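Me: I've got a structure on the screen and I'd like a close look at one part of it. Could you take me through the charged side chains and tell me what they pair with?

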Amino acid sequence: MTQRLALLVNPVSGKGRFTGAVDGVVDRLASGGFEVTPMVGADAAESADLAAAAVTDGYDALVAMGGDGMVHLAVNAVVGSSTTLGVIATGTGNDVARALGIAARRPLASADVIVAGSTRRMDLARTDEVYFATVLAAGFDSLVNERANAMTWPAGQMRYNLATLAELRVFHPLSYSLELDGRPMRCAAMLVAVGNCPSYGGGLRICHGAVIDDGFLDVVIIKPVTKRELVKVYPRLFKGTHVSHPAYEHHRVRTVTVDAPSVVAYADGERLAALPVTVHVVPGAIDVFAPTR
């Protein structure tokens with residue numbers, strides 16, 4: 001029987017470079033036996049509504065074509081249903097695709113993964129508000145996001161670069177109250193990250209070693225360092241070699257509460273909520289198309 005597939009497209013992901021690839025993706029998926037319905041929302045809210053409607057209408061698969069923000073919408077639509085998630089990574093970060101072993105910015109290759117039909121179970125992290133797939137940021141990194149979102153110029157990655165420099169000038173270590181599987185902990189830190197996947201921000205492996213189907217969350221604490229040292233350590237995040245730094249601390253938990261004054265948490269690159277936030281792991285929450293391991 002032909003499977004029905006909803007293709008949820010973000011036309012501006014990757015600065016719009018992949019808009020022309022949609023027809024090719026539809027053809028590739030159709031040639032693999034899917035009945036494909038493209039869906040394009042005018043904004044994030046409409047895209048979320050389209051995703052939810054696709055699941056309610058009983059589509060066999062919901063494929064997010066875009067970045068981690070579009071995947072975030074799709075994840076929250078399919079969780080609790082029998083609809084399988086697919087990822088065609090055409091965004092800037094693409095950290096969900098990276099964790100699944102799906103090639104980024106290669107739409108037809110990503111479509112081939114879906115056509116091949118191999119799936120795996122994937123954990124999700126859950127807060128009171130939403131589910132997320134990658135990493136929750138709560139510290140220097142989320143403050144940079146807040147600053148960047150308040151800026152109107154420049155566009156793209158340069159906005160985040162300038163926001164990082166501006167935040168670095170005024171940032172001081174934060175006082176955190178944590179609860180790790182019921183165990184209270186207080187500490188000063190530059191940031192606390194809660195990872196279901198290893199990376200965020202386009203390959204920053206802050207939670208290096210995290211596995212998407214192990215039933216645990218990886219909590220990383222970066223203890224106070226000088227601003228010079230923070231800049232020096234930053235490049236190591238791309239390879240995960242920061243784990244050997246003395247300021248790095250790591251815990252594996254099933255539930256964590258994070259609190260610090262005047263900090264807003266981000267997850268999957270999206271603004272989530274002001275702290276405190278409690279995060280639970282949901283083992284095997286969804287089925288997702290992925291390359292054969």
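Reply: Here's a walk through the charged residues, with a short stop at some rings along the way.

Keep in mind that this is a predicted model. Across the whole structure, a search turns up eight salt bridges. Let's take three of them in turn, beginning in helix H4, which covers residues 95–100.

Asp 95 and Arg 98 both belong to that helix and sit three residues apart, about one turn. Their side chains meet in a salt bridge, 2.7 Å from N to O. Asp 95 is buried, with just 1% relative accessible area, whereas Arg 98 comes out as partly exposed at 37%.

Now look at Asp 68, in helix H3 (residues 68–78). What is the nearest side chain of opposite charge to Asp 68? That's Arg 98 again, but it is 6.1 Å away, and Asp 68 is buried with no salt bridge. Since a salt bridge here needs the nitrogen within 4 Å of a carboxyl oxygen, that gap is too wide to count as one. What the Asp 68 side chain does reach is the backbone nitrogen of Val 96, at 3.1 Å.

The next bridge spans much more of the chain. Asp 287 pairs with Arg 121, the closest N and O atoms lying 2.8 Å apart. Asp 287 is in strand S16 (residues 277–289) and Arg 121 in strand S5 (residues 119–126), so the link joins distant parts of the chain, 166 residues apart. Both ends are partly exposed: Asp 287 has a relative accessible area of 25% and Arg 121 has 41%.

Last of the three is Asp 214 with Arg 252, again with 2.8 Å between the closest N and O atoms. Asp 214 sits in the loop between strands S10 and S11, and Arg 252 in strand S12 (residues 248–253), 38 residues away in the chain. Here Asp 214 is partly exposed at 23%, and Arg 252 is partly exposed at 42%.

Arg 252 has another partner, too: it lies over the face of Phe 216, 4.3 Å from the ring centre. You'll find a similar arrangement at Arg 4, whose charged end sits over the ring of Tyr 59, 4.0 Å from the centre.

Definitions and conventions. Residues numbered from 1 in each chain as written. Predicted model: local features only at pLDDT ≥ 70, side-chain atom pairs only at ≥ 80, totals over all residues. Heavy atoms only, no water. Lys NZ or Arg CZ within 6 Å of the ring centre and 35° of its normal. Helix = DSSP H or I, 4+ residues; strand = E, 2+ residues; numbered from the N terminus. Buried < 20%, exposed > 50% of the residue type's maximum accessible area, 1.4 Å probe, protein only. Lys, Arg positive; Asp, Glu negative; His and termini not counted. Polar contact = N/O pair within 3.5 Å; in protein donor to acceptor, adjacent residues only side chain to side chain.
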